[in-house]
There are 2 protein chains.
Amino acid sequence: MTDRDGPAAPDRTVRQITIRHVAERAGVSIKSVSRVLNKEPAVSAAIREAVERAAAELNYRPNISARALAGARSYLIGLVYDNPSSNYVSELQIGAMAACKRAGYHLVIEQVESASLDVRTVIREAVGTLRLDGVLLSPPLSDNDLAMSELEALGIPYVRIAPYLYPDRAPSVGIDDQLAAAQMTFHLWDRGHRDIAFIAPPQGHAAAARRRDGFLHAMAERGGAVPPGFMQEGAFTTVSGIEAGHALLALPTRPTAIFASNDDMATGVMIAAYQAGIDLPGDLSVVGFDDSPIARSLHPLLTTVRQPTAAMAEAATDMLIRSGQARAVALDFDLVMRGSVAIGPAAR
Amino acid sequence: MTDRDGPAAPDRTVRQITIRHVAERAGVSIKSVSRVLNKEPAVSAAIREAVERAAAELNYRPNISARALAGARSYLIGLVYDNPSSNYVSELQIGAMAACKRAGYHLVIEQVESASLDVRTVIREAVGTLRLDGVLLSPPLSDNDLAMSELEALGIPYVRIAPYLYPDRAPSVGIDDQLAAAQMTFHLWDRGHRDIAFIAPPQGHAAAARRRDGFLHAMAERGGAVPPGFMQEGAFTTVSGIEAGHALLALPTRPTAIFASNDDMATGVMIAAYQAGIDLPGDLSVVGFDDSPIARSLHPLLTTVRQPTAAMAEAATDMLIRSGQARAVALDFDLVMRGSVAIGPAAR
DNA sequence: ACCTATTGAGACAACGTTGTCAACCCGCTA
DNA sequence: TAGCGGGTTGACAACGTTGTCTCAATAGGT
């Protein structure tokens, strides 16, 4: 185990600056240093200042391993995800990292296959070995019973991001998917569309099912009809969007607007329209959901719903760090109006 | 600090299963358990087996904090990145995580603004506090002097992913960008294109500058001419691709093919072509570089160069974990032929 | 002036693992 | 039979921090 140190191996034996050095320089006990660093009460201003100066001068960084070993906190938050779009994960990470950085925490990421039993193992392994202070569960893991049970058994706090099922099982952060879908539907309606088709998320996909409800309720509220052929089922992929698009565009009475329950499927619809020689948005309006980056690369630019993904992760991480008692938190969403919606027949 | 435990607070006082429990159950000393777990030599088969059984029965997981504190290794690898495309980062993470998982390591991610002095702080903070065993530097940090100097000062091994500058400064993993660009250029040439324009990466952007060299050398080798107007400068964004595309398409002699040095700019070129009413790929062939997911969402599908991003990160992580002496490693790339290249004038 | 709270500070023992070193056992040689 | 060396094993002390306990000093009430 020591023969790993070749001639070029870096010198890992440099002694680090410890709390003891700081204590010595400040002329106090190590415990007082610890108190100052952890912002514990009952420290005089004089000692606090002396310690802070000494720490700054020595450029002292507490050793997280020692902290975790001695104390209760590991200063590590885990982000567990399956594999939704990379952009989505990336946004989550940005938000989570921002919150971590602010509080001196660090982010450890773990990927799992949510379908497999692997979930249990990965969580047990990561938590057991890393002593995470909390875990962020992102879709579709936010509704994964195995993951939640395991975390509960291990007694680790966790927050679910954009869950759908079991709303009160654990703290969560999300948006009101149903309201967002309804508002988008009203937008189409108000722009003069009546024949609106919907491409639903795959069966069983959680948060997204609420998008379908939002669409249907909004249509009902306005007194609009949704013929059976106007409800297509997708798989959240571009390809499934192309298929659903072709099916809808082949209908005897063609919809004047198509609401895809995510942006990838909306992209597919646009491709289908290109292929069918249909003018966008003149002959067909298309809207999506998520505001993934592709929405800004399409032609025309896609009108969609923006979820504050990064903010959601940030809020969730804060909840974990603060260990507050908050339950389900709903953040605001935005309807992003771009060029893919034109005036419909009823408003011409 | 203790009033954080509300009534609903999880019981974090559960004692974990330690090496001592395993030792007791196996009837050996804790040191022997440690030896077995670390696969040290000089352990009899009998003890090895007894320890392994006991550990499995107790479902024992070594505490990473204690390991890091007592020993030399923290079992933590850091991935530092600025913010290239989210897909790219995601691929890196997948590769790095795979290598980590295999070796019982975990991945900590840190984002920095490479332009700012922040780089130093983030690295010092993360390394100083986490005791990382190694750091993965991803573009554009792979060429960041500040980052490298800091890591060298700290004595932490690091591997650069897809670097360009200072090829021998530290171990690195990449592809041969110049060769890839040359091969793509030959591909266009061989399909009958002679008037080929190039949209270069922003000044100073590292690995990508080699793409420009590859293009120019390939053209020179075939005896082709590259008029000044055919070399445009982009900013790696879709918008800059649109601008460059419009500039190129407004030229008196229009190129029959455009080689954009990344996929986002190729997307922009396609949008510019749509807007100018130019038929793709009939009147204009377009190729990109990176094989980002958008390449598969465009219409027509984009021909591009696929970098084995995940494999690069995986190889880099392995190098870190094994602490081998390998230097610059070049992995294989692929030319992904899709529909965006048509037969050019010279081959008709 | 005395006693009692209250607050500030330090000594010391964890925490769970690995590194060091000494002791042991075995078979072999002199 | 004693001595020797290689291969195994275990005792014990780190590692750097926080939690607990104790003690001193100060303030407040009679």
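Mentor: Before we start, a definition: copies are superposed by least squares on the C-alpha atoms of residues with pLDDT of at least 70 in both. That matters here, as we're looking at a predicted model.

Trainee: Got it. So how are the two copies, chain A and chain B, related?

Mentor: Chain B can be laid on chain A by a turn of 180° and a shift of 0.1 Å along the axis, and the RMSD is then 0.1 Å. The two copies are therefore related as by a two-fold rotation axis.

Trainee: What share of the contact residues of chain B recur in chain A?

Mentor: Both copies use the same surface for the contact. The share of chain B's contact residues that recur in chain A is 100%.

Trainee: And which element gives the most to the side of chain B that touches chain A?

Mentor: The contact takes 50 residues from chain A and 49 from chain B. On chain B's side, the elements giving two or more residues are H4, helix H5 (86–103), strand S2 (106–111), helix H6 (118–130) and helix H11 (263–275). With 7 residues, the top contributor is H5(B).

Trainee: In what sense do strand S2 of chain A and S2(B) pair?

Mentor: Look across the two strands: Val108(A) stands opposite Val108(B), and Ile109(A) stands opposite Leu107(B). There are 3 bridges between S2 of chain A and S2(B), and the sense is antiparallel.

Trainee: Which strand of chain B pairs with S2(B) in the parallel sense?

Mentor: Val80(B) is a handy marker, standing opposite Glu110(B) in S2(B). The pairing runs over 6 bridges, and the partner is strand S1 (residues 76–81) of chain B.

Trainee: Are the two faces of S2(B) covered or open?

Mentor: In a regular strand, side chains alternate between the two faces of the sheet. One side here has His106(B), Val108(B) and Glu110(B), the other has Leu107(B), Ile109(B) and Gln111(B), and all of them are buried. That is 6 of 6 residues buried in S2(B), so by the cut-off of 20 or more other C-beta atoms within 10 Å, both faces of S2(B) are covered.

Trainee: Let's go inside. Which residues touch the most other members of the largest nonpolar core?

Mentor: That core has 94 residues. Take one of the winners: leaving aside neighbours within four places in sequence, its contacts include Ile77(B), Val80(B), Ala96(B), Val159(B) and Ala316(B). The residues you asked for are Leu136(A) and Leu136(B).

Trainee: Now the DNA. Which residues come nearest to DNA strand D?

Mentor: There are 27 residues around DNA strand D, dividing into 14 nonpolar, 9 polar and 4 charged. Those that come nearest are Thr18(A), Ile19(A), Ser34(A), Ala70(A) and Gly71(A).

Trainee: Which elements give two or more residues to that surface near DNA strand D?

Mentor: Each chain brings two helices to it. From chain A and from chain B alike, these are helix H2 (30–37) and helix H4 (64–70).

Trainee: And which residues come nearest to DNA strand C?

Mentor: The surface near DNA strand C divides into 16 nonpolar, 9 polar and 4 charged residues. Of the 29 residues around this strand, the nearest are Ala42(A), Ile19(B), Ser34(B), Ala70(B) and Gly71(B).

Definitions and conventions. Residues are numbered from 1 along each chain as its sequence is written. Chains are lettered from A and ligands numbered from 1 in the order in which they are written. This is a predicted model: local features need pLDDT of at least 70, side-chain atom pairs count only at pLDDT 80 or more; totals for chains, interfaces and linings use all residues. A residue is near a molecule or strand if its C-beta atom, placed from the backbone, lies within 6 Å of it. Helices (H or I, at least four residues) and strands (E, at least two) are DSSP runs, numbered from the N terminus. Ala, Val, Leu, Ile, Met, Phe, Trp, Tyr, Cys and Pro count as nonpolar, Asp, Glu, Lys and Arg as charged, and the others, Gly among them, as polar. Two residues are in contact if their C-beta atoms, placed from the backbone, lie within 7 Å. Two strands pair if DSSP finds at least two bridges between them. A nonpolar core is a set of buried Ala, Val, Leu, Ile, Met, Phe, Trp, Tyr and Cys residues joined through C-beta atoms within 7 Å. A residue is buried if 20 or more other C-beta atoms lie within 10 Å of its own, exposed if 12 or fewer, and partly exposed in between; C-beta atoms are placed from the backbone.
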